[in-house]
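Grab a coffee and work through a few exercises on reading a protein model. Try each task on your own before you look at the solution.

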Amino acid sequence: MSEPDIFLAGGAFAHSYAHDLEGCYVPWQAERAPAPRLLQFNHALAQELGLDAAVLATPSGAAIFAGNVLPQGASPIAQAYAGHQFGHFSPQLGDGRALLLGEVVDRHGQRHDIQLKGSGRTPFSRNGDGKAAVGPMLREYLMGEAMHALGIPTTRALAVVATGESVRRDTLLPGAVLTRVAASHLRVGTFEYFAARGDVARVRQLADYSVRRHYPDLIGRPMAEFLQAVIARQAQLVARWMAVGFIHGVMNTDNMALSGETIDYGPCAFLEHYDPATVFSSIDRAGRYAYGNQPGIAQWNLARFAETLLPLLEDDAGRAVQIATQAVQDFAPQYRAAWTEEMRRKLGLMRREESDAQLAQDFLTVLHAGEADHTLAWRALAEAATGGTACLHAVMRKEAPILDVWLTRWQARLAQENGGRVQIAEVLRRANPYLIPRNHRVEEALEAATLGDLSPFERLLAVLRDPYTERDEARPYADPAASEQTARYRTFCGT
């Protein structure tokens, strides 16, 4: 069933992926939801995309976001991809519960995918039901908006609708469909799918399309530069994750987007007390995707990506391997440089000194020794910049005598900066968030929403959209969970 053109307010869906990459997808239709009801609609994102927000935030919009009604010009497809999952290669994954409706171009000329997630089985579903539950879909909505507010490249959610039916996981849960907006859904796993089949022509098509869509300045340039550009974006992205304490939880190659956006908020979470070995995901039993492992895993994933491009890098196989190896090895210094810049911001340092990276690393050592809350410790540096260290000492669960030694070094380094201490304190407040999605608050909100009460979710969402400003209504959301609660906390994939 097709709907009059209410979605794009007179515009039109584009289908560059389907048009340029025939054979990389399967045309498909969503399963009908019995009673779609809008749970969340992202008015601000709709306006950015140039969509008709007034109409979409109605029952007509709910029918579209559930997949019951196709907006005019939409042509749903399920995309093919493979992936290394926890280090093991799966040659066929694909959109097992998602459909790409098409692409829209926003007010700034940027192209975005519009995808339904949880809309039913596809040819890639394997043994899955293709459905999604309210809790995991609202988690993705919340995390995407929080990451966006923190300034981290991310996919975002346009809407979440309840479907009016139940899905079976460990128990029966209310079903939902999420509408996801992404720069694209091109993944490392997309390339792996065709490389594993020896389809070099298709890999070349994918690479050329990816360059046109995400790296247009590289059109006509050697393919090695495309590989290097993808690596550079991932180095920047993971450095930003590490700066705010974000743990993706399932960094499989099918969850690494070539656009450089964070994608697939399954068992993700944020650090409470600082510990590089932190794992919350229930499926990551060996700690492969622990917080501190994320840079190394990103490099591993990029090595798998480089392998798919070998036939495109050079006719001589040995030379192609050399080019790919060098590009992947360059990730480490690029990541280190990006991480150091993030740390300089968080330490209030405008000037660059070679010792800055070590100063930052030593602060993390202090936080680890003191079992300090990662977010509040960095935030407390604003007060410490003007001489008050009580807040910083207060966020330490254990005594850390090395803290005062480190503070002396940092204060000496601040003395080399041009700005006054009050000015530096303001810089620090803009660099270090007051709020993150605290895991216990997220769970409280999702549990209430699953039972039909959206008010805790909406209050949490509202404060997370302004994570840098201290204010009365945000204060309850800044406090960390009790240590025993954090120790027991586990996240789940939702499939």
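Below are four exercises, each with a worked solution. This is a predicted model, where local features need pLDDT of at least 70, side-chain atom pairs count only at pLDDT 80 or more, and totals for chains, interfaces and linings use all residues. Residues are numbered from 1 along each chain as its sequence is written, and side-chain values use heavy atoms, with hydrogens and water left out.

**Exercise 1. Trace the strand partners of E9.**

Step 1: get the vocabulary straight. Helices (H or I, at least four residues) and strands (E, at least two) are DSSP runs, numbered from the N terminus. Two strands pair if DSSP finds at least two bridges between them.

Step 2: start with E2. Strand E2 (residues 37-41) runs antiparallel to strand E9 (residues 156-168), and 4 bridges join them. Here Leu38 stands opposite Val161 in E9.

Step 3: move on to E10. Between E9 and strand E10 (residues 172-182) there are 9 bridges, again antiparallel. Ala159 has Thr179 in E10 as its bridge partner, and a hairpin through 3 residues joins E9 to E10.

**Exercise 2. Place Ala133 in its surroundings.**

Step 1: find its element. Ala133 lies in strand E8 (residues 132-133).

Step 2: check the accessibility. Ala133 counts as buried because its relative accessibility is 2%; buried means under 20% relative accessible area, exposed over 50%, and partly exposed in between (1.4 Å probe, protein chains only).

Step 3: list the neighbours. Leaving out residues up to four places away in sequence, Ala133 touches Val167, Leu173, Pro174, Gly175 and Ala176; contact means heavy atoms within 4.5 Å. Ser166 is 33 residues from Ala133 in sequence, with 7.9 Å between their C-alpha atoms.

**Exercise 3. Pick out ring pairs that link distant parts of the chain, then look for charges over rings.**

Step 1: set the rule. Rings of Phe, Tyr and Trp (its six-membered ring) pair if their centres lie within 6.5 Å; planes under 30 degrees apart count as stacked, over 60 as edge-to-face and the rest as tilted. The whole structure has 19 aromatic pairs.

Step 2: take one of them. Tyr17 and Tyr209 sit edge-to-face, 5.9 Å centre to centre with 85° between the planes. This pair connects helix H1 (residues 16-20), home of Tyr17, with helix H7 (residues 200-214), home of Tyr209, across 192 residues. Tyr17 is buried at 2% relative accessibility, and Tyr209 is buried at 2%.

Step 3: take another. Phe226 and Phe305 are edge-to-face too, at 5.8 Å centre to centre and 80° between the planes. Phe226 is in helix H8 (residues 223-244) and Phe305 in helix H9 (residues 294-313), 79 residues apart. Ring pairs also tie Phe191, Tyr215, Phe226 and Phe305 into a cluster.

Step 4: add the charges. A charge sits over a ring if NZ of Lys or CZ of Arg is within 6 Å of the ring centre and within 35 degrees of the ring normal. Arg197 lies over Tyr193, 3.6 Å from the ring centre, and Arg441 sits over Tyr477, at 5.3 Å.

**Exercise 4. Describe the nonpolar cores.**

Step 1: define one. A nonpolar core is a set of buried Ala, Val, Leu, Ile, Met, Phe, Trp, Tyr and Cys residues joined through side-chain atoms within 4.5 Å.

Step 2: take the largest. It has 136 residues, and Phe226, Leu309, Leu392 and Trp410 have the most contacts inside it. H8 gives the most to this core, with 15 residues.

Step 3: look for another. A second, separate core has 26 residues, including Phe41, Leu51, Val161 and Val181.
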